[in-house]
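Here is a short walk through the side-chain contacts of one protein model. Have the coordinates open in your viewer as you read.

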Amino acid sequence: MLVSHKHKFIFIANPKTATTAISKFLRTHDESIVANRFENETKKIKFNEHAFPTVIKQKLDDEYNNYTKFVFIRHPYEKVVSAYFFLKNGKPLTKGSVFKYTDSLRNFLTALLIYFNVLSTKIIPFKLWSLIRPIKKNKSYLLDSSETFIVNYIGLTERLDEDLKKIMQALHVELNNFEGVQKINTSSHKSHEDYFQSGLHKKIFDRIYAREIELYQIIKDRGSNFNFEGIKTTEMRLPN
């Protein structure tokens, strides 16, 4: 999560949607940005890096409406493939040994969980892993409990440069010589189509993530400069 007081926006970090690369890009264009906290004359609040917008809204109260919120999402196929190979390639272990996280029991247990996730992913085939290991859903970063959008702009990771540029224009953030976003924390793997060729596997996955797939398509058809905030998903159903 990033907050810009200068341009009055909040970037909500949805995991496995190029958030690290986007965050780095944003900070090079806005010196007022702060990460994972909100501070002004009346509030001083810390947030989790991947805080849900419902949590942010609850804690900021009226201030939430004074900022433009945007987030990126990724097709469930892409997201689950990226998450699987991020773990399988051992990326979370690059921060060092689990035994360095001894400053608190909570951090130590968190580190142990990371090790378990990495090791289990190395031995579980993708098809099985993708069906039994839930990924954080895009829905959690878009909607409140009444199925109403609580963010303004939504970009797609699959068209990252194009959508980020449009969102920055909507936010009146000046981009000089825009050359795109440098990818960070990329995982080595084939295209997601190669992992969803099995009819039965794809059918089960599509059933599990049916709502996510529908929501993705609704957003994709609207475009990244469409303001979603305050609209119920029931008003935006795909035609049968």
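A nonpolar core is a set of buried Ala, Val, Leu, Ile, Met, Phe, Trp, Tyr and Cys residues joined through side-chain atoms within 4.5 Å; buried means under 20% relative accessible area, exposed over 50%, and partly exposed in between (1.4 Å probe, protein chains only). Please keep in mind that this is a predicted model, in which local features need pLDDT of at least 70 and side-chain atom pairs count only at pLDDT 80 or more, while totals for chains, interfaces and linings use all residues. Residues are numbered from 1 along each chain as its sequence is written, and side-chain values use heavy atoms, with hydrogens and water left out.

**Nonpolar cores**

The largest nonpolar core has 30 residues, of which Ile-56, Leu-142, Phe-149, Ile-154 and Ile-219 touch the most other members. Two or more residues come from each of strand 2, helix 2, strand 6, strand 7 and helix 8 (210-222); here helices (H or I, at least four residues) and strands (E, at least two) are DSSP runs, numbered from the N terminus. Helix 8 is the top contributor to this core, with 4 residues. Apart from this core lies another one of 19 residues, among them Phe-11, Ile-33, Val-173 and Val-181.

Leu-142 is a good residue to click on. Not counting residues up to four places away in sequence, Leu-142 touches ten listed partners, including Pro-53, Val-71, Ile-73, Leu-215 and Ile-219, where contact means heavy atoms within 4.5 Å.

**Aromatic pairs**

Rings of Phe, Tyr and Trp (its six-membered ring) pair if their centres lie within 6.5 Å; planes under 30 degrees apart count as stacked, over 60 as edge-to-face and the rest as tilted. The whole structure holds 16 aromatic pairs. In one of them, Phe-9 and Phe-70 meet edge-to-face, 5.5 Å centre to centre with 65° between the planes. Phe-9 lies in strand 2 (residues 9-12) and Phe-70 in strand 6 (residues 68-73), so this pair ties together parts that are 61 residues apart in sequence. Phe-9 is buried at 1% relative accessible area, and Phe-70 is buried at 0%.

Phe-52 and Tyr-141 are also edge-to-face, at 4.9 Å and 70°. Phe-52 is partly exposed at 30%, whereas Tyr-141 is buried at 0%. Elsewhere, ring pairs link a cluster that includes Tyr-77, Trp-129 and Tyr-209.

**His-50**

His-50 sits in the loop between strand 5 and helix 2. Its side chain reaches the backbone oxygen of Ala-13 at 2.8 Å. Leaving aside neighbours within four places in sequence, the contacts of His-50 include Asn-14, Lys-136 and Tyr-141.

**Salt bridges**

A salt bridge is a side-chain nitrogen of Lys or Arg within 4 Å of a carboxyl oxygen of Asp or Glu. The search finds 10 of them in the whole structure, including these:

| Pair | Closest N to O distance |
|---|---|
| Lys-139 and Glu-147 | 2.9 Å |
| Glu-147 and Arg-211 | 3.1 Å |
| Lys-202 and Asp-206 | 3.0 Å |

Glu-147 lies in the loop between helix 5 and strand 7 and Arg-211 in helix 8, so their bridge ties together parts that are 64 residues apart in sequence. Lys-139, Glu-147, Arg-211 and Glu-214 are linked in a salt-bridge network. Lys-139 is partly exposed at 31%, and Arg-211 is partly exposed at 24%. Lys-202 and Asp-206 both belong to helix 7 (residues 199-208), 4 residues apart, about one turn of the helix.

Note on methods: A polar contact is a pair of N or O atoms within 3.5 Å; within protein, one must be able to donate a hydrogen and the other to accept it, and residues adjacent in sequence count only if both atoms are side-chain atoms.
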